[in-house]
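Hi there,

Here is the structure I promised to pass on to you. Have a look at it first, and then read my notes below.

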Amino acid sequence: MIVRVIILFLLGLLAPAAFEAASITGREARVGISEQSRESRNDIPDKRLVIRVIDGDTIVVSPNEKVRLIGVDTPETVHPKKAVQCFGKDAKEFTRGMIGRRSIRLVLDESNAVRNHKDRYGRTLAYVYFDDGTMLNAELIRRGYAHAYTRFPFRHIVEFREMERVARSQAVGLWSSCSFH
C-alpha cells in the first residue's frame, strides 16, 4: 500500500515534466546546464574581473589568480612541450571574446575541496559564470571549442559528456576540422 502511494505521488510529480518535454515540437531542445541553475545566481559573492586569457581553458582574474575551468580541455596554445594544436587559437579567441574585460563569477566545485580547489599547477579550479547565468565551461563544450575533461570528478560531468557527444555528432567546431588519434 505504501509503495503504491509513493509510486502514484512520484508519477504525479513527473507527469507535468514529461508532458512539457513531449510538447517541444518545432523548438530545438538544448542540452546542458540550465541558465538559471542554483550556482549561477547573483547571490554568489565571488565576482572577479578578468585580466587576461591565457588559453581557451585558463584565465587570470583580479588581483592575479590563475583559474583553470573545471571539466573543460581546449586544444593547447601555450604548452611548453607541445605545438599549437588544431583549433587551439580558435578556442582562445572564443574565450577572449566571451569574457572581454568584464566581471565574471567564479563557482567552486565541492569535489575539488580535498585539493583546496587547486590543480597540480596551483591554478584555482572553477566554473565561470556571466551575469546572465551562462556558464563559460559549458559553452566551450557545446560550441565545439573543448572536450569534456573527465579525468577528475565534478558535478556537471554527465551534462558535459552529453554536450560533447552532441557537438561531435553535429561536427561542431573542432569536431568539424581536427583529427584525433
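**What I found**

Strand 2 is joined to strand 3 by a hairpin that runs through three residues. Helices and strands here are DSSP runs, of H or I over at least four residues for a helix and of E over at least two for a strand, numbered from the N terminus. Please keep in mind that this is a predicted model, in which local features need pLDDT of at least 70 and side-chain atom pairs count only at pLDDT 80 or more, while totals for chains, interfaces and linings use all residues. Residues are numbered from 1 along each chain as its sequence is written, and side-chain values use heavy atoms, with hydrogens and water left out.

Back to the hairpin. Strand 2 (residues 58-61) pairs with strand 3 in the antiparallel sense, over four bridges; two strands count as paired if DSSP finds at least two bridges between them. One of the bridge partners to look for is Glu65 in strand 3, which sits opposite Val61 in this pairing.

Strand 3 also pairs with strand 6 (residues 124-129), this time in the parallel sense and over three bridges. There, Arg68 has Leu125 of strand 6 as its bridge partner. Is strand 3 (residues 65-69) mostly covered or mostly open? Four of its five residues are buried, so it is mostly covered. Buried means under 20% relative accessible area, exposed means over 50%, and partly exposed lies in between (1.4 Å probe, protein chains only).

Next, the core. The largest nonpolar core has 38 residues, and Ile59, Ile104, Tyr127, Leu136, Leu140 and Phe160 touch the most other members. Strand 6 gives the largest share of this core, five residues. Such a core is a set of buried Ala, Val, Leu, Ile, Met, Phe, Trp, Tyr and Cys residues joined through side-chain atoms within 4.5 Å.

Phe160 turns up again around Ala148, a residue of strand 7 (residues 147-148). Ala148 is buried, with a relative accessible area of 12%. Leaving aside neighbours within four places in sequence, Ala148 is in contact (heavy atoms within 4.5 Å) with Gly71, Ile141, Phe160, Arg161 and Glu164.

Finally, the whole chain: the protein chain has five helices and seven strands, and 42% of its 181 residues count as buried.

Enjoy exploring!
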